[in-house]
Amino acid sequence: MHAPNIEFAIEARNIVKRFDGEAAVDGIDLTIRKGSIFGILGPNGAGKTTTLRMLLGIIDPDEGERFLLGSPDPISMAHQVGYLPEERGLYQSMKAYDAIAFMGALRGLPLAEGRKRGRKMMEDHGLGDAADKQIRQLSKGMAQTVQLLGTLVHDPGLIILDEPFSGLDALNQGKLERLIRDQADKGVTIIFSTHVIAHAERLCEEIAIIADGKIPFKGKVSTARDRLRPQVHLETRNLDGPWRTAIPADCQPLGHNWHFTLPESGVEPLLHALVEGGAGIESLSIERPGLHDAFVQIAGEAVTRRMEADAATNNQDEAA
Amino acid sequence: MIETIRAAFVIARRDFTAIIFSKSFFFFLLGPLFPLGIGIAASNLGSQVNRDIETPTIGVVLSAEETENLLATRTRLSRNLGSKSLPELMVLNGLQGDEAGNIAKLDSDKSINAILSGTLEKPVLTGSERDVTQWQGKITLLAETALSQPAAVEVETRLVGQTGSSSERGQLLTAQGGQALLILLTMILAGMVLSNLVEEKTNKIIEILAAAIPMDAIFLGKLFAMLGMALVGITVWSTMGLVGALVFGANWNALPVPAVGWPIFGLLMVLYFSMAYLLLGSLFLGIGAMATTVREVQTLSMPVTMGQLLVFFLAYSAITKLGQPVEWFAVLFPFSSPFAMIARAAQMENLWQHGLALIWQAIFTMIIIRFSVMLFRRNVMKSGQAARKKSLFARVTGK
């Protein structure tokens with residue numbers, strides 16, 4: 001076993017998890033710095049939840065090793081961790097403030113202190129009137145907020161949120177984003193998984209994209225974006241002329257609109273060629289790709305590679 | 001370990017208060033009174049059947065000629081009446097037939113229920129009231145037939161307070177009663193553990209628990225919360241039973257004293273109930289943890305009840321076979337061990353064996369919990385619809 005690096009909140013080396021012989025997570029390496037907001041992105045079924053469960057110690061990896069806050073036994077660090085699972089759940093007969101206290105008690109916070117904090121947190125979040133209500137009497141959104149508060153009640157140094165935005169309306173999504181930023185400002189490490197890229201783009205310093213049980217990309221959001229060339233949206237009066245040599249040969253117009261990737265040579269030579277070649281520019285915009293585009297490309301490539309590998313294996317099997 | 005106990009306490013406290021302070025707990029307390037009544041009736045019926053089928057041994061202290069005559073008569077009569085309808089006769093050489101000698105023999109030899117002495121014309125039957133009353137008529141029949149005379153033979157009876165055999169029989173009754181009570185309570189209460197994790201799985205709380213505390217603590221906490229609830233129920237039922245007995249003026253002296261004495265027997269009843277509950281409960285919790293719906297739990301209830309019955313039959317059949325292989329098997333087989341041991345407490349005086357048995361049962365409980373946790377972590381804590389859609393069998397076997 002390697003020694004863990006204390007700078008990292010999470011360190012995973014080549015972790016593998018198989019279910020029924022099939023790899024749900026297939027050799028993931030992941031390091032997450034303390035104090036950062038880190039996003040784990042991936043399509044449905046990519047292995048995000050399984051990865052988080054392994055990092056948290058809910059399940060053990062079949063291969064590889066992981067350290068949570070420097071410990072190879074994640075459950076032993078549970079009192080420093082807050083976790084909001086993808087599938088939300090609370091005891092329906094519990095009072096709201098008691099549910100928060102119970103979640104704190106699970107992670108070592110004395111029950112009386114948890115109850116006091118629970119009431120205070122609910123008041124701070126405008127839910128003071130609901131503190132004494134049973135969970136079954138709350139709306140879905142309120143219950144989700146209660147669970148989120150239960151995740152934070154013991155002041156964890158590391159918060160892991162699995163698809164935290166799912167099921168929330170736009171207003172509550174905004175509130176959650178603010179809450180994540182507030183926690184990060186206090187120095188808390190935040191890790192969240194999502195398949196809605198916009199949240200990661202707004203909040204994260206770094207991301208990892210999981211696709212098909214692997215991590216095809218990990219790094220800064222800007223680095224992910226830079227993997228794609230800017231996109232040109234051009235509208236011309238003319239459909240033909242010498243200027244056509246300036247745009248990719250396979251680019252077909254949609255009416256008088258052209259969409260293509262900015263050539264390696266850059267904006268200026270393109271603009272020059274269009275003007276000199278008599279394109280008759282009506283409008284021209286150059287858009288830097290968003291994280292969403294990068295995600296689709298990276299995740300898509302990974303899935304395509306897997307499908308090709310599967311096809312090759314099948315062919316070999318058939319040949320044999 | 002301390003962290004596991006702390007976490008188990010958090011779970012146990014939540015579960016215990018959630019159950020005890022629910023409205024349905026009142027109905028839970030009332031519910032078992034009906035099967036308890038049936039159990040007591042069944043137990044009485046069993047005792048009656050036992051009495052009916054048991055064949056006692058009567059010691060014979062007569063002259064050699066009369067003894068030979070009596071034995072031949074018994075053989076002759078049993079051809080027509082059946083051997084079970086007449087007491088076995090055992091010739092006791094070396095006894096004079098005096099009352100003191102007879103009583104001493106009855107006290108020392110537990111295989112003899114009563115002693116026939118005197119002569120065939122004036123037979124004397126010495127024994128406990130129950131035995132003498134039950135077999136007086138048959139002895140008269142044997143004597144009259146042996147003498148081949150129409151005149152009635154009158155059997156003189158001499159009653160002794162307690163013979164070795166009647167004391168043993170009393171302890172056997174205590175063993176049967178104690179075991180029946182233990183079995184009944186375990187059957188009523190342990191099965192409830194089956195559905196104990198369904199709430200967490202249905203409400204999707206299980207992942208919050210699993211991420212925060214060791215899974216062993218979840219299982220332990222749930223088990224002890226249910227045990228606590230069961231003990232509350234038993235306390236309520238015992239109190240009601242006691243009040244009922246006082247109101248109806250029960251004869252406490254009629255209760256056969258167990259070999260270890262009532263206070264220790266009472267303590268052992270609580271301890272062995274707890275162990276039986278923890279052993280079966282940990283198994284049921286492990287099996288129930290694989291179920292994802294109430295329907296699956298209901299499906300599991302029947303085979304689980306059958307399994308319980310098998311264990312109980314094993315323990316019950318071993319009561320009268322102290323020290324024999326089948327009884328040792330019942331003592332050592334963890335699930336029947338508490339029931340077999342309470343029967344021992346009623347019939348054997350030594351206490352150290354109970355310490356060993358309790359340790360053995362506790363170790364096995366921990367082994368079952370570890371195994372259940374391992375299965376649960378391996379086969380249940382998977383993400384995605386595919387994992388949830390797997391059949392119960394597939395989840396248990398990991399296939």
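Two strands are taken to pair if DSSP finds at least two bridges between them. Helices (H or I, at least four residues) and strands (E, at least two) are DSSP runs, numbered from the N terminus. The structure is a predicted model, in which local features need pLDDT of at least 70, side-chain atom pairs count only at pLDDT 80 or more, and totals for chains, interfaces and linings use all residues. Residues are numbered from 1 along each chain as its sequence is written, while chains are lettered from A and ligands numbered from 1 in the order in which they are written.

**Exercise 1. The three-stranded sheet**

Task: Determine the strand order of the open sheet formed by three strands of chain A, and describe its pairing.

Solution.
1. Begin with β1(A) and β2(A), which pair in the antiparallel sense over nine bridges. Within this pair, Arg18(A) has Ala23(A) of β2(A) as its bridge partner.
2. Turn to the other neighbour: strand β1 (residues 8–19) of chain A is joined to β4(A) by five bridges, again antiparallel. Here Glu11(A) is bridged to Phe67(A), and Ile10(A) to Leu68(A).
3. The order is therefore β2-β1-β4 (chain A), an open sheet with antiparallel pairing. Its edge strands are β2 (22–33) and β4 (63–68) of chain A, each pairing on one side only.
4. For the geometry, neighbouring strands of this sheet are turned by 15° against each other on average, direction ignored. Axes are lines fitted to C-alpha atoms, for helices over the stretch in contact, and angles run from 0 to 180 degrees between N-to-C directions.

**Exercise 2. Positive phi values**

Task: Establish where Asn14(A) and Glu163(A) are placed, and whether each counts as buried or exposed or partly exposed.

Solution.
1. Most residues other than glycine have a negative phi. Asn14(A) has a positive phi near 50°, and Glu163(A) likewise has a positive phi near 50°.
2. Asn14(A) belongs to strand β1 of chain A. Glu163(A) lies in the loop between β6 (158–162) and α5 (170–185) of chain A.
3. Apply the burial criterion: a residue is buried if 20 or more other C-beta atoms lie within 10 Å of its own, exposed if 12 or fewer, and partly exposed in between, with C-beta atoms placed from the backbone.
4. Asn14(A) counts as partly exposed because it has 13 C-beta neighbours inside 10 Å. Glu163(A) has 21 such neighbours inside 10 Å and therefore counts as buried.
5. Two further positive values may be located. Asp20(A) has a phi near 55° in the hairpin of β1(A) and β2(A), where two residues separate the strands. Gly57(A), which follows α1(A), has a phi near 85°.

**Exercise 3. The six-stranded sheet and its helices**

Task: Identify the order of the open sheet of six strands in chain A, and find which strands α1(A) lies across.

Solution.
1. The order is β5-β6-β7-β3-β8-β9 (chain A), and the pairing is mixed.
2. β5 (81–84) and β9 (214–220) of chain A stand at the edges; each has a single partner strand, so one side of each is left without a neighbour in the sheet. The twist from one strand to the next averages 15°.
3. An example of parallel pairing is that of β3 (residues 37–41) and β7 (residues 189–194) of chain A, with five bridges. In this pair, Leu41(A) stands opposite Thr194(A) of β7(A).
4. α5(A) packs on the sheet and touches β3, β6 and β7 of chain A, its direction making about 150° with that of β7(A). Contact requires that the C-beta atoms of two residues, placed from the backbone, lie within 7 Å.
5. α1(A) lies across β3, β5, β6, β7 and β8 (206–211) of chain A, and runs at about 150° to β6(A).
6. Helix α1 (residues 48–56) of chain A is mostly covered, with nine of its nine residues buried. Among them are Lys48(A), Arg53(A) and Leu56(A).

**Exercise 4. The interface and the whole chain**

Task: Describe the side of chain A that touches chain B, naming the elements that give two or more residues to that side.

Solution.
1. In the contact, 24 residues of chain A meet 21 residues of chain B.
2. The elements of chain A that give two or more residues to this side are α1 and α2 (96–106).
3. The residues on this side of chain A divide into 14 nonpolar, six polar and four charged. Ala, Val, Leu, Ile, Met, Phe, Trp, Tyr, Cys and Pro count as nonpolar, Asp, Glu, Lys and Arg as charged, and the others, Gly among them, as polar.
4. For the chain as a whole, there are nine helices and 12 strands in chain A, and buried residues make up 41% of its 320 residues.
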